[in-house]
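Please look over the sequence and the model shown here. The paragraphs after it go from the whole chain to its cores, its hairpins and its main pocket.

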Amino acid sequence: LESNNYLYQAMLDNGLSPDKLRFLLYDDEIGAAWGKRTLAVERRTFTLSDTKSDIGLFAFEQMRKWYKPLAAEFLKAVLFGLSCPEVVYKQDDKGRYVISHIIQHKTGRFLVDKAGRTYIQNKNAQNIAIDSDELLSKKFFPVIYKRTHDRQAGNPLLVSLVWPWFLRSKVWTFWAKYLERFGSPQWVGKAAQGYDLKTGKSNAEMMAQTLAKAISSGVIVVGTDEEATAVDASANGGTSF
């Protein structure tokens with residue numbers, strides 16, 4: 001089962017499990033786009049094939065009350081490949097079983113085999129097929145998004161967003177530092193030998209700290225009897241390296 005669990009596949013592909021990709025939803029653009037799509041789905045009207053019988057009316061009332069939280073849970077399959085909410089029931093004043101609340105679970109708790117059967121791991125670390133247990137089949141509702149032969153537990157949308165997010169949030173920051181480092185001339189300072197009695201630092205060290213404030217890492221300090229020559233950056237930055 002582990003070879004077919006997308007938890008392991010995502011870690012191999014991106015170094016992250018689907019559950020750990022939740023941080024992408026805190027991005028302003030990704031979070032806003034997903035919030036807009038979720039809201040659109042939650043506002044859609046729905047109907048049942050049987051709305052006239054007592055059972056149909058009862059089911060429709062339950063769906064109308066719990067449609068939004070259930071839809072939100074099922075939509076998570078798009079993000080993480082697999083979503084499997086747990087429904088907890090209670091009895092109403094007429095003795096009927098109705099939904100009490102819905103429990104969220106992490107994707108990593110579930111496994112999917114090649115046949116598409118979903119397994120849940122219990123407290124004893126045993127994997128139990130949900131559809132083989134009468135109680136579990138009424139409590140857990142697995143939804144798999146775009147399952148393929150190599151990704152049995154679904155194809156999470158967040159995996160494809162890792163690189164665009166990393167490019168926008170990390171690479172541009174590095175590029176700005178690169179331009180600051182190699183697009184500006186280096187500073188060369190000369191300091192007298194000796195130490196400052198107040199700070200206990202050498203004059204060369206204090207000179208280096210002063211010049212380092214001018215440009216990131218572009219500082220050289222030499223003694224009065226030493227000499228250093230400034231190096232201009234080449235077109236590709238190779239000379240400076």
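Helices, of at least four residues, and strands, of at least two, are DSSP runs numbered from the N terminus. On that basis the protein chain of this predicted model has six helices and nine strands. The chain has 241 residues, and 32% of them count as buried, where buried means under 20% relative accessible area. The exposed surface comes to about 15,900 Å², with carbon and sulfur atoms supplying 56% of it. Of the contacts between residues at least 6 apart in sequence, 56% join residues at least 24 apart.

Turn next to the interior. Which residues make up the largest nonpolar core? There are twelve in all: Leu 21, Leu 24, Ile 30, Trp 34, Leu 75, Val 78, Leu 79, Phe 80, Leu 158, Val 159, Val 162 and Trp 165. Helix H2 (28–42), helix H3 (54–80) and helix H5 (157–182) are the elements that give two or more residues to this core. Leu 158 is a useful residue to follow: leaving aside residues up to four places away in sequence, Leu 158 touches Leu 21, Leu 24, Leu 25, Leu 79 and Phe 80. A second core, separate from this one, has nine residues, including Leu 82, Ile 130, Leu 136 and Ala 153.

The strands can be followed from E4 onward. Strand E4 (residues 110–112) pairs with strand E5 (residues 118–121) in the antiparallel sense, over three bridges. Strand E5 is also joined by three bridges to strand E6 (residues 127–129), again antiparallel. Ile 120 in E5 stands opposite Phe 110, and in E6 the bridge partner of Ile 120 is Ile 128. What lies between the strands of each hairpin? Five residues separate E4 from E5, and there Gly 116 takes a positive phi near 90°. The hairpin of E5 and E6 also has five residues between its strands, and in it Ala 125 takes a positive phi near 65°.

The last feature is empty space. The largest pocket holds about 240 Å³. Its lining consists of Phe 58, Ala 59, Gln 62, Met 63, Leu 70, Phe 74, Val 87, Tyr 89, Tyr 97, Val 98, Ile 99 and Phe 141. The elements giving two or more residues to this lining are H3, strand E2 (86–91) and strand E3 (97–103). H3 gives the most, with six residues. Helix H3 thus appears twice in this account, as a contributor to the largest nonpolar core and to the lining of the largest pocket.

Note on methods: Residues are numbered from 1 along each chain as its sequence is written. This is a predicted model: local features need pLDDT of at least 70, side-chain atom pairs count only at pLDDT 80 or more; totals for chains, interfaces and linings use all residues. Side-chain values use heavy atoms; hydrogens and water are left out. Buried means under 20% relative accessible area, exposed over 50%, partly exposed in between (1.4 Å probe, protein chains only). Contact means heavy atoms within 4.5 Å. Accessible areas come from the Shrake-Rupley method with a 1.4 Å probe; for residues, only the protein chains shown count as cover. A nonpolar core is a set of buried Ala, Val, Leu, Ile, Met, Phe, Trp, Tyr and Cys residues joined through side-chain atoms within 4.5 Å. Two strands pair if DSSP finds at least two bridges between them. On a 1 Å grid over the protein atoms alone, a cavity is a set of points where a 1.4 Å probe fits but cannot get out, and a pocket is an open set with protein on both sides within 12 Å along at least five of seven lines; lining residues have an atom within 4 Å of a point. Grid points are joined across faces, edges and corners, and a volume is the space filled by probe spheres set on the points.
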